[in-house]
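Student: Got a minute to go through this model with me? I'd like to start with the core and then look at the long helix.

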Amino acid sequence: MKINKKGFTMLELLAVIIILGILMSLAYVGVSQYLNRARNTTYHDFEKSITTGVTNYLIDHSSSIPDEGGTLKVDVDKLVCEGYIEDLQDPRASSKTCNLESYAIVVRNKDTSSNMDIDYEACLVCNGYKSEACSKSIEFDKILEAAPSCEVK
């Protein structure tokens, strides 16, 4: 008498489950690395946006440019309120922005002939991310903050 064997043995099912587990863990690692790279790219774009915004702000408000050897801190809230940059939505927590603790650093070095030598850096503080520029200890000659009437999230 022949036994009709239908289905899989426990060993075959276990092998399939192990293979699927390995494939899923590899996919998870790949996707998480991709998401981290995308977040870091977003943070670097935010930093560029802050430096571009403060540059444009100082073009429009040249009286705010620090004296030679001076430093200036411009809060991101001010740049957002005055329309120089958009809200910086945190990619890790979409309900939050990176505006509150972030700022631009403006340093005016020694001028050369008729040109101003100005350096711009962005201190971006988001959920789990902080720019290198934030770790610098700088005494600011002047700080520009958003007006109290400005409503920033």
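Tutor: Sure, here is a short walk through the packing and the surface.

Tutor: It's a predicted model, so local features need pLDDT of at least 70, side-chain atom pairs count only at pLDDT 80 or more, and totals for chains, interfaces and linings use all residues. Residues are numbered from 1 along each chain as its sequence is written, and side-chain values use heavy atoms, with hydrogens and water left out.

Student: How many residues are in the largest nonpolar core?

Tutor: It has 23, and Ile-50, Val-74, Leu-79, Leu-88 and Leu-124 have the most contacts inside it. A core here is a set of buried Ala, Val, Leu, Ile, Met, Phe, Trp, Tyr and Cys residues joined through side-chain atoms within 4.5 Å; buried means under 20% relative accessible area, exposed over 50%, partly exposed in between (1.4 Å probe, protein chains only).

Student: Which helix gives the most to this core?

Tutor: H1, with six residues. Helices are DSSP runs (H or I, at least four residues), numbered from the N terminus.

Student: What is Val-74 in contact with, leaving aside neighbours within four places in sequence?

Tutor: Val-54, Leu-79, Tyr-103, Ala-104 and Leu-144, counting heavy atoms within 4.5 Å as contact.

Student: Back to H1, which residues are buried there?

Tutor: Among them are Tyr-43, Phe-46, Ile-50 and Val-54, and Glu-47 is buried too.

Student: And Val-16, where is that?

Tutor: Val-16 is in helix H1 as well. It counts as partly exposed because its relative accessibility is 46%.

Definitions and conventions
Helix = DSSP H or I, 4+ residues; strand = E, 2+ residues; numbered from the N terminus.
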